[in-house]
Amino acid sequence: MEMINAIGRRKASVARVYLSKGDGQITINGKTLEEYFPQPHIQNKVKEPFQAVEAENIYNLNVNVDGGGFKGQAEAVRMGISRALVQLNEEFRKPLKVRKYLTRDARAVERKKYGKPKARKSFQFSKR
């Protein structure tokens with residue numbers, strides 16, 4: 001098996017995932033998963049695609065992720081891993097699609113409008 005690459009996106013984050021046969025090492029921007037995402041619930045978010053297809057500790061991951069915050073980055077990595085696993089084996093598509101790991105979550109921050117302090121918030125209204 002050669003190296004498989006895929007891209008995942010979420011909010012302002014873009015993750016390039018490189019999947020290869022190995023012993024389950026996950027490297028994100030040159031750091032281990034535990035160093036890059038210290039929170040356990042975010043680490044689980046990254047590992048979810050492997051648990052969905054029951055392929056833990058079989059593949060090595062090398063990830064380059066850029067932009068956004070840690071939650072957006074973790075979800076971008078999750079989408080990239082899911083896409084790479086589907087490229088590897090088409091049978092993985094159904095369990096990943098059921099959990100919506102292959103769907104791009106298009107929700108992003110709404111832009112600020114002129115004449116308002118935020119996107120929708122208005123200044124206090126005074127009738128008199």
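Start your tour by selecting Ile81: leaving aside residues up to four places away in sequence, Ile81 touches Val17, Val46, Pro49, Phe50 and Leu61. Keep in mind as you click that this is a predicted model.

**Stop 1: the core around Ile81**

Now widen the view. Ile81 is among the residues with the most contacts inside the largest nonpolar core, together with Leu19, Leu61, Val63, Leu85 and Leu96. That core has 30 residues. Colour β1, β2, β3 (26-28), α2, β5 and α3, and you will have the elements that give two or more residues to this core. Which element gives the most? That is α3, with 7 residues. A general idea to take along: in soluble globular proteins, nonpolar side chains tend to be buried together.

**Stop 2: two helices side by side**

Next, select helix α2 (residues 40-52) and helix α3 (residues 70-88). Their axes come within 8 Å and cross at roughly 10°. Angles under 35 degrees count as roughly parallel, so α2 and α3 are roughly parallel to each other. To see how they meet, show the side chains. From α2, pick Ile42, Lys45, Val46, Glu48, Pro49 and Phe50. From α3, pick Phe70, Lys71, Ala74, Glu75, Val77, Arg78, Ile81, Ser82 and Leu85. What classes of residue make up the contact of α2 with α3? There are 9 nonpolar, 1 polar and 5 charged residues.

**Stop 3: a closer look at Lys71**

Click on Lys71, which lies in helix α3. Is Lys71 buried, exposed or partly exposed? Its relative accessibility is 43%, so Lys71 counts as partly exposed. Try a distance label too: the C-alpha atoms of Lys71 and Leu33 are separated by 14 Å, and these residues are 38 apart along the chain.

**Stop 4: the sheet**

Turn to the strands. You should find 5 of them in an open sheet, in the order β1-β2-β5-β3-β4, with mixed pairing. Look at the edges, where β1 (4-10) and β4 (31-32) stand. Each has a single partner strand, so one side of each is left without a neighbour in the sheet.

For a pair of strands to zoom in on, select β2 (residues 13-21) and β5 (residues 59-66), which pair in the antiparallel sense over 8 bridges. One spot to try is Tyr18, whose bridge partner in β5 is Asn62. As a rule, strands of a sheet pair through backbone hydrogen bonds, either parallel or antiparallel.

**Last stop: helix over sheet**

Finally, show α3 and the sheet together. Helix α3 lies across β1, β2 and β5, and runs at about 145° to β1.

Conventions
Residues are numbered from 1 along each chain as its sequence is written. This is a predicted model: local features need pLDDT of at least 70, side-chain atom pairs count only at pLDDT 80 or more; totals for chains, interfaces and linings use all residues. Side-chain values use heavy atoms; hydrogens and water are left out. Axes are lines fitted to C-alpha atoms, for helices over the stretch in contact, and angles run from 0 to 180 degrees between N-to-C directions. Helices (H or I, at least four residues) and strands (E, at least two) are DSSP runs, numbered from the N terminus. Angles under 35 degrees count as roughly parallel, over 145 as roughly antiparallel, 65 to 115 as roughly perpendicular and the rest as oblique. Contact means heavy atoms within 4.5 Å. Ala, Val, Leu, Ile, Met, Phe, Trp, Tyr, Cys and Pro count as nonpolar, Asp, Glu, Lys and Arg as charged, and the others, Gly among them, as polar. Two strands pair if DSSP finds at least two bridges between them. Buried means under 20% relative accessible area, exposed over 50%, partly exposed in between (1.4 Å probe, protein chains only). A nonpolar core is a set of buried Ala, Val, Leu, Ile, Met, Phe, Trp, Tyr and Cys residues joined through side-chain atoms within 4.5 Å.
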